[in-house]
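The following exercises concern strands, helices and the contacts between them. Please work through each task before reading its solution.

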Amino acid sequence: MAVTFSLHTLGCKVNQCDADALAAVLRENGYIHAPDRISPPTPQGGRRPPTDIYVINTCTVTKTVDKKSLQAIRRARRANPDAFIAVCGCMAKNDGAVGLRKSGFVDCVFDTRRPQDLLAALGERFGNRRIKANIGADNKAEIDLDGIHRNYDRGNSARTRAFLKVQDGCDRFCAYCIVPYVRGGLKSEPPKEILRQITALTGQGAKEIVLTGIQLSSYGKDTGDVSLPELIRAIAAHEPELKRLRLSSLDPWAINGDFLQAVAATPVLCDHFHLSLQSGCDATLARMNRGYTAADYAKTVDALRKVRPQAAITTDMIVGFPGESGADFAESVSFAKTMGFARIHVFPYSPREGTKAARMSGQVSPAEKDIRGKRMLAAAEELKERFLAAQVGAAREVLFETPRQGHTRNYCMVRIPVPTRPNTLANVHITGHDRDGLKGELIC
């Protein structure tokens with residue numbers, strides 16, 4: 001009898017890459033992959049048929065996403081009261097795992113890096129299916145998810161933009177962040193395996209590849225082998241069919257002379273750099289243990305813009321961090337405005353038990369965090385509008401994901417009125433903008 005499974009993933013792009021590998025594990029062991037069937041109903045009210053297995057890949061970076069993870073678990077149970085529900089990801093490795101096991105909603109809580117534990121639990125429920133060893137690294141019987149990342153066959157699942165996990169773990173221990181505790185230490189994928197996967201992805205049609213990692217900036221630090229700038233050069237030299245290479249989130253301390261040289265010498269690298277800031281106030285940055293000042297950050301942005309004048313600089317900002325005064329917050333907003341960000345992701349500070357910040361004095365009230373969040377979001381909208389307006393009148397290369405929509409190299413979404421072929425690159429004259437992105441017309 002066919003047994004179906006659905007995967008629902010929250011959080012970062014690394015989690016999505018892990019979900020792709022988990023799906024490969026389950027398919028290799030005879031389970032049938034169905035679309036995500038626990039997301040909220042479509043606006044048209046379309047109902048999704050239930051599946052036998054729901055795997056919820058959680059995130060725990062904030063309390064809000066904790067709630068979303070729990071909501072996803074409850075929706076899965078409502079969708080099929082008899083389903084097997086398994087939970088993995090960062091929330092499952094945090095203290096929440098105990099509550100998950102006791103909740104009565106969950107049948108299995110497992111470490112994402114040990115899918116063999118999930119397979120064993122599924123075998124007890126659905127019959128003792130053979131756990132295939134050949135999907136692990138070096139054909140070891142104990143399945144290693146990082147080995148699966150290197151070896152799983154994406155088949156026809158490669159999209160226009162493919163995400164490739166090249167690094168995991170973090171060693172920075174920012175005062176507010178639980179990630180190093182749930183993800184563990186640094187672990188970089190071998191360069192030769194990254195190059196092999198890129199060749200496979202471009203062979204399957206991917207025009208753009210996004211390198212992802214929990215702390216991408218530290219790629220190679222654990223091995224002492226190839227650094228991130230060296231990896232960028234190696235990819236560009238190895239794969240002439242790759243049209244675009246994009247980087248996920250970076251830390252400002254990583255933008256050194258070697259990195260800037262790699263950016264300047266690698267045309268395939270996209271004009272988009274997500275540099276996590278978190279605060280524009282030096283006192284707050286010090287309490288956060290970020291390791292740089294606002295002036296350091298500004299110098300980094302200036303250096304990037306000198307080698308890539310059209311680059312979009314995007315960032316993250318935390319509001320209401322413990323000890324942040326009204327003046328500190330105003331300084332942070334003012335600094336963000338001077339940076340001219342293309343986009344800001346705004347997060348109210350969320351205490352995470354086990355982190356230094358959760359024990360700090362001067363905790364900001366939820367009401368005040370809400371006020372500050374709205375003010376920062378208003379500044380973010382103003383900056384975004386200014387950045388989009390500056391693109392009007394220019395010609396931009398667009399990679400189309402759908403017949404009428406795609407993204408520029410600096411990651412602006414562009415819509416056109418006359419359809420073109422998806423997964424193609426085309427030059428577009430930008431004619432206007434709205435809050436969602438840019439409007440344009442194909443240049444024939």
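**Exercise 1: A strand pair in the barrel**

H433 has L438 as its bridge partner in β17. The model is a predicted one, in which local features need pLDDT of at least 70 and side-chain atom pairs count only at pLDDT 80 or more, while totals for chains, interfaces and linings use all residues. Residues are numbered from 1 along each chain as its sequence is written, and side-chain values use heavy atoms, with hydrogens and water left out.

Task: Determine how strands β16 and β17 are joined, and place them in their barrel.

Solution. Step 1: Helices (H or I, at least four residues) and strands (E, at least two) are DSSP runs, numbered from the N terminus. Strand β16 covers residues 425-434 and strand β17 residues 437-442; they run antiparallel and are joined by 6 bridges. Two strands count as paired if DSSP finds at least two bridges between them.
Step 2: The closed barrel has 5 strands in the order β13-β14-β15-β17-β16, and its pairing is mixed. From one strand to the next, the twist averages 50°.
Step 3: Helix α14 (residues 366-391) lies across β13 (395-402), β16 and β17, and runs at about 125° to β16. Such angles run from 0 to 180 degrees between N-to-C directions, and axes are lines fitted to C-alpha atoms, for helices over the stretch in contact.

**Exercise 2: The open sheet**

Task: State which strands stand at the edges of the open sheet, and describe the neighbours of β1.

Solution. Step 1: The strand order of this open sheet of 5 strands is β2-β1-β3-β4-β5, with parallel pairing. The edges are β2 and β5 (108-109); each has a single partner strand, so one side of each lacks a neighbour in the sheet.
Step 2: Strand β1 is joined to strand β2 (residues 32-33) by 2 bridges, and to strand β3 (residues 53-58) by 5 bridges, in the parallel sense. F5 has H33 as its bridge partner in β2 and stands opposite I53 in β3. T9 has N57 as its bridge partner in β3.
Step 3: Buried means under 20% relative accessible area, exposed over 50%, and partly exposed in between (1.4 Å probe, protein chains only). Of the 6 residues of β1 (residues 4-9), 5 are buried, so this strand is largely enclosed by the rest of the structure.
Step 4: Helix α2 (residues 63-79) lies across β1, β3 and β4 (84-89), running at about 175° to β3. Helix α5 (residues 115-126) lies across β3, β4 and β5, at about 175° to β4.

**Exercise 3: Two packed helices**

Task: Describe how α8 and α9 pack.

Solution. Step 1: Helix α8 (residues 191-203) and helix α9 (residues 228-238) pack at about 40°, with axes 10 Å apart. That angle makes α8 oblique to α9; angles under 35 degrees count as roughly parallel, over 145 as roughly antiparallel, 65 to 115 as roughly perpendicular and the rest as oblique.
Step 2: In α8, I194, L195, I198 and T199 meet L231, A234, I235 and H238 in α9. Contact means heavy atoms within 4.5 Å.

**Exercise 4: A residue in a loop**

Task: Decide whether S276 is buried or exposed.

Solution. Step 1: S276 lies in the loop between β10 (272-274) and α11 (282-288).
Step 2: Its relative accessibility is 5%, so S276 counts as buried.
Step 3: Not counting residues up to four places away in sequence, S276 touches several residues, including R290, Y292 and T315. S276 and T315 are 39 residues apart along the chain, and their C-alpha atoms are separated by 4.8 Å.
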